[in-house]
Amino acid sequence: MTNVTQVATWLSITEQLPTKPTFVKDEVVKLNFRLLLEEITELAQSLPNGVELLKQVIGEIEWSKVIQKDSSFIGVMDALCDIEVVKHNLTCRMGLAQYYQRNYDIVMTSNNTKFCNTMEQAKLSIAKYKEDGIKAYAEDNKNGKFIIRR
């Protein structure tokens, strides 16, 4: 199963997988921007001088020159593929390529723990989040799963 297929399967369980290309709501875009920035920040924190370098790069952005383009799926697809290439480029340059798929699968397995078959499992997961100081709740869905949301 490819990485994209794993994510598509995950999204189908959460009932968030469209059947055709569609622009998502602004709140979904904002969530994904936040998640990307969270992961970029985590990457910066893990690299020597990474936080300072990230601050420099962000400071170099001339926001007044960044303009809104016409919405297009071609532009979205190009940007997402470019992000993937940049990510894999850094993975390879750091000599981590041989570890990538194994670690990706671990992350996806962790994500899948948010799907519980019973309410009892869901309550145990919620209790674990509570121990970590994270508010969570279970949501029943049409696929017969209890999805842990934070």
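In which helix do Lys87 and Glu84 both lie, and how many residues apart are they? Both residues belong to helix H4, where they stand 3 residues apart, about one turn of the helix. An α-helix has 3.6 residues a turn, so residues three or four places apart point the same way. Lys87 and Glu84 form a salt bridge, with 3.3 Å between the closest N and O atoms. This description rests on a predicted model, and the values below are computed from that model.

## Overall architecture

The secondary structure of the chain comes to 6 helices and 3 strands, and along the sequence these elements follow the pattern α-α-α-α-α-β-α-β-β. Taken along the principal axes, the C-alpha atoms fill a box of roughly 50 × 40 × 30 Å. Of the 150 residues in the chain, 14% are buried, while the chain exposes about 12,300 Å², of which carbon and sulfur atoms supply 60%. Among the contacts between residues at least 6 apart in sequence, 55% join residues at least 24 apart.

## Salt bridges

The structure holds 4 salt bridges, and the table sets out three pairs, including the one in H4 described above.

| Basic residue | Acidic residue | Closest N and O atoms |
|---|---|---|
| Lys65 | Glu62 | 3.1 Å |
| Lys87 | Glu84 | 3.3 Å |
| Arg149 | Glu139 | 3.1 Å |

In the pair formed by Lys65 and Glu62, Lys65 is exposed, with a relative accessible area of 60%, whereas Glu62 is partly exposed at 44%. In the H4 pair, Lys87 counts as partly exposed at 32% relative accessibility, and Glu84 likewise counts as partly exposed, at 34%.

The salt bridge between Glu139 and Arg149 links distant parts of the chain, with Glu139 in strand S2 (residues 137–140) and Arg149 in strand S3 (residues 146–149), 10 residues apart. Glu139 is partly exposed, its relative accessible area being 31%.

Arg149 also appears among the contacts of Thr14, which, once its neighbours within four places in sequence are left aside, touches Phe115, Asn141, Ile147 and Arg149. Thr14 lies in the loop between H1 and H2, and its relative accessibility is 5%; because buried means under 20% relative accessible area, Thr14 counts as buried.

## The nonpolar surface patch

A nonpolar patch on the surface is formed by Phe23, Val24, Val28, Val29, Phe33, Leu36, Leu37, Ile40, Phe73, Val76, Leu80 and Ile83, which together have about 1,000 Å² of accessible area. Helix H2 (26–46) and helix H4 (73–93) each supply at least two residues of the patch, and H2 gives the most, with 6 residues.

One member of the patch, Val24, is found in the loop between helix H1 (3–13) and H2. At 45% relative accessibility, Val24 counts as partly exposed.

Helix H2 is also the place of Leu43, a residue that is partly exposed, with a relative accessible area of 37%. Leu43 and Leu54 are 11 residues apart along the chain, and their C-alpha atoms are separated by 9.5 Å.

## Helix H5 and its two sides

Helix H5 (residues 97–112) has 16 residues and reaches 23 Å from its first C-alpha to its last, close to the 22 Å expected at 1.5 Å a residue. Which residues of H5 are buried? They are Tyr100, Tyr104 and Met108. Seen down the axis of H5, these buried residues fall within an arc of 55°, so they line one face of the helix. The buried residues of H5 pack against H1 and H4, whereas Gln98, Arg102 and Thr109 are exposed on the other side of H5.

## Helix H4 in context

Several of the features described above involve helix H4. It contains both Lys87 and Glu84, it supplies at least two residues of the nonpolar patch, and, together with H1, it is packed against by the buried residues of H5. Helix H2, for its part, gives the most residues to the patch and also holds Leu43.

Terms used
Residues are numbered from 1 along each chain as its sequence is written. This is a predicted model: local features need pLDDT of at least 70, side-chain atom pairs count only at pLDDT 80 or more; totals for chains, interfaces and linings use all residues. Side-chain values use heavy atoms; hydrogens and water are left out. Patches are made of residues with over 30% relative accessible area and no salt bridge: like charges are joined within 9 Å, nonpolar side chains (Val, Leu, Ile, Met, Phe, Trp, Tyr) within 5 Å. Accessible areas come from the Shrake-Rupley method with a 1.4 Å probe; for residues, only the protein chains shown count as cover. A salt bridge is a side-chain nitrogen of Lys or Arg within 4 Å of a carboxyl oxygen of Asp or Glu. Helices (H or I, at least four residues) and strands (E, at least two) are DSSP runs, numbered from the N terminus. Buried means under 20% relative accessible area, exposed over 50%, partly exposed in between (1.4 Å probe, protein chains only). The expected span of a helix is 1.5 Å times one less than its number of residues. The arc is that of the directions from the helix axis to the C-beta atoms. Contact means heavy atoms within 4.5 Å.
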